[in-house]
Amino acid sequence: MATLEIRDLHVTVEADNATKEILKGVDLTVKQGETHAIMGPNGSGKSTLAYSLAGHPKYTITGGTVTLDGEDVIEMSVDERARAGLFLAMQYPVEVPGVSVSNFLRTSATAIRGEAPKLRTWVKEVKEAMERLNMDPSFAERNVNEGFSGGEKKRHEILQLELLKPKVAILDETDSGLDVDALRVVSEGVNRVRETGEVGTLLITHYTRILRYIKPDHVHVFAGGKIVESGGAELADKLENEGYEAYTKGGASA
Amino acid sequence: MAEAQNLPVGSTTAGAIAVAAEADSTVATRMSAPPSFDVADFPVPNGREEEWRFTPLERLRGLHDGTAVATGTGVKVDVQAPEGVTVETVGRDDARLGRAGTPVDRIAAQAYSAFEQASVVTVPKETALTEPIRIAVHGEGGTAFGHTVVELGAFAEAVVVIDHTGDAVLAANVDYVLGDGAKLTVVSVQDWDDKAVHVAQHNAVVGRDASFKSVVVTFGGDVVRLHPRVNYAGTGGEAELFGLYFTDKGQHQEHRLLVDHNEPHCKSNVVYKGALQGDDAHAVWIGDVLIEARAEGTDTYEMNRNLVLTDGARVDSVPNLEIETGEIVGAGHASATGRFDDEQLFYLMARGIPEYEARRLVVRGFFAELVQQIGVADIEERLLAKIDEELEASVA
C-alpha cells in the first residue's frame, strides 16, 4: 500500500532579499485510500506544503524528509515525482500556449505510464472522462488553460487526476473560485478517484464547503507553518462554527 | 488592433494604425531615401535612421558602407528545375531584372549596383509544375552580390524552394513576377552557418487574380535581414506571407515586411512566428501594410508572435497599418511576445513530462500551424528536425 510520509519538514522561500521559513516542522502520513483535509487560514503555509511536495523550484527544503513508499521524494526532480505517483492539482494552473489539451494529456499519460496509450482506447478514455466532468469535446482542441474560466481550469485539473491515476493526489484549493454547480462536478470527479481506493488524497482548503461533498477521514488544522491540531471529520464542523481565530491568536507565529 | 502580453524584459512591441490624410505615406517617408536602384542615392547609414536603428551595422561586414567587395567564389548557385522551366544566367542589362520592386535601402541598392550576373527562372504560361524548382545558394566563405528573378506566366503554377547554406556575406535582390492568375509558393530557407551575413530584398508583384505565398524560414547566420515586399499589378490578387525564425544566442534576425495594397480588391495575410533563446538573441519584425486610396475592397491582416525561451533574448516587433481609404473589407494587426517561463515548465514537469520534452512540446506547438502551411513535405520535416536540434543544443 502506497504511503506518503512527511517528517519534520522545514521549507524556506526567498522573498525581498530575505530567506523566510514558511514550513516549520510538518509531520503527516497519507496512506492509499485515505483522505486528509488540511485546513488553515491564509498565509499559514498550506500551499507551500503542496508546492514543496511537488518540487517547485521556488521553495528550498532545509530540513526533514519526504518519502513515498520509502523512496526519497526530495531527491527527485519534478517530473520524477509525478512519475513516482505524486499529483498536484494546482490552484492557479498556468497557460501553455500552442499546446492543445489533447496533446498535453497524451504526452503526460505517456510519461506517467511509461508507454504511449493505445490510440483507440485512449480517445475513448478521455472522451468518457470529459463527459463525466461535463466538459465539451471541443475542450480537447483548446490550448492548455488558455482562456479557460476558473471552473474550466479546475475541471481540467481533475480530468488529469482521473486520467493519470496517481498514488497520492494533492488538491490545492481546488474549491476556490467555484460556484456550487462546478464545485459539485469537481467533487464528484475527486470522489470517483477516491472510490477506487487506489489514491491517498491531501485536500488543502480554506473553506469547509468542499467537505460537504468530499468526506475526509482526517482533518488537520494548519497554522504558522505546521499542523497544530488533528482530528476526524468533526474537527471541520468545529472550524465551520468557530473559524481559525483560536489558532491564529497568540499561538503560532505568523 | 495591437496587443501585448507577458512582455519579457528588454523587448518591445509597438503598433500603429494611421489614417493618412495626405498622399505621402509615412511607410515610404520614414525611409531615409526614396527607393532607387543606385547605391549612390542612399547615404551610408549611421544606425540612427528608422530603418537601421535595430540593425548591428558593425556586423554587416561592410555591406552597408561600400567596403564589402565581391570575391570570385563567394556563393555557388545551383538551380534544379523540372522540365518546361527555363533557367538562364544573364548580365546586368537584361530587361527582365528589377521589375517587381526597387531597392528601398542602401544594401539592396548596393546589391543591385554590384551584381554581375543574375539568374532568371521562367515558368511559361499555363504550365503547372508538379515538382518544386530548387535553388541551392551555398556560401563558400566569400562575399557576393546576387540577383534572382522568378517569373510565372499567366495561369502558371509553381513551388520554388530557395535554400541558403554555408558561410557567406551576401546581399541580394529577388524578384517574383506573377502573371495573371498565376500561383507561386516560395520557400526561402536561411540555414546558414553561424558567421554568415545575409541581407536581401524580396519583391513580389502579384498579377490580376494571382496568388503568391511566401514562406521565410530563418535559422542560421550571424545577421540576417530580409525585406519581403509585395505589390499588386491588378485586382483580385492574394498574398500570404508566412515566416518562422529561431533566433539563437548572439544571432540577429530581422524581417521587414511591406504589403502595398496599390490595387482594389486584393487580399493579404501575414503571419510571422519566432522563438528565441540565449543571450543577445535578437529578433526584429517590422510589418508594414499600406492601403492606398484606390485600393477599395482590401482585406488584410498581419500578425507577429514571439516565444522567448530564455532570459537575455530581445524582440522588437512593430506592426504598422496605414489606411488611405475606408472602403475596405477588413484590416487588422496583432503582435505579442510571450515567454516560456519556469511556471510553464513546472506545470508540464509536474505531469511527468521531462524538461526537454516539455520545451519541445511548447515550441513545436507554437510553430505547428505555420509548419503545416508550407506544403513541401521535405522542408516541413527538416524544419521540425531543425527545431529539435536547436532545442537540444540549448539543453546541452
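Trainee: How much space lies in the largest pocket?
Mentor: This is a predicted model, in which local features need pLDDT of at least 70 and side-chain atom pairs count only at pLDDT 80 or more, while totals for chains, interfaces and linings use all residues. Residues are numbered from 1 along each chain as its sequence is written, chains are lettered from A and ligands numbered from 1 in the order in which they are written, and side-chain values rest on heavy atoms, without hydrogens and water. A pocket is an open set of points, on a 1 Å grid over the protein atoms alone, where a 1.4 Å probe fits and protein lies on both sides within 12 Å along at least five of seven lines. Taking volume as the space filled by probe spheres set on the points, the largest pocket holds about 680 Å³.

Trainee: Which element gives the largest share of the lining of the largest pocket?
Mentor: The lining (residues with an atom within 4 Å of a point) counts 32 residues, and Val75(B), Val77(B), Gln117(B), Phe145(B) and Gly146(B) lie nearest the pocket's centre. Several strands (DSSP runs of E, at least two residues, numbered from the N terminus) of chain B each supply at least two lining residues, among them E3 (75-80), E5 (117-123) and E6 (133-152). The largest share, 7 residues, is that of E6(B).

Trainee: How many salt bridges are there over all chains?
Mentor: Side chains of opposite charge can pair when their charged atoms come close. Here a pair counts as a salt bridge when a side-chain nitrogen of Lys or Arg is within 4 Å of a carboxyl oxygen of Asp or Glu. Over all chains, this rule gives a count of 36.

Trainee: Lys124(A) forms a salt bridge with which residue?
Mentor: Lys124(A) counts as exposed (over 50% relative accessible area), since its relative accessibility is 53%. Its partner has a place 4 residues away in helix H4 (residues 119-132) of chain A, so about one helical turn separates the two. With the closest N and O atoms 3.5 Å apart, the partner of Lys124(A) is Glu128(A).

Trainee: How far apart are the closest N and O atoms of Glu157(A) and Arg351(B)?
Mentor: The pair joins two chains, because Glu157(A) lies in helix H5 (residues 150-164) of chain A and Arg351(B) in the loop between helices H3 (342-349) and H4 (355-374) of chain B. Both residues are buried (under 20% relative accessible area), with Glu157(A) at 1% and Arg351(B) at 0%. In this salt bridge the closest N and O atoms are separated by 2.7 Å.

Trainee: Which residue meets Arg360(B) in a salt bridge?
Mentor: Arg360(B) is partly exposed (in between the limits for buried and exposed), with a relative accessible area of 23%. Its partner stands 3 residues away in helix H4 of chain B, so that about one helical turn lies between them. Meeting Arg360(B) at 3.9 Å, N to O, is the side chain of Glu357(B).

Trainee: What share of the residues in chain A is buried?
Mentor: Chain A has 8 helices (DSSP runs of H or I, at least four residues) and 12 strands. Along the principal axes, its C-alpha atoms fill a box of roughly 55 × 40 × 40 Å. Of the 254 residues in chain A, the buried share is 54%.

How values were computed
Buried < 20%, exposed > 50% of the residue type's maximum accessible area, 1.4 Å probe, protein only.
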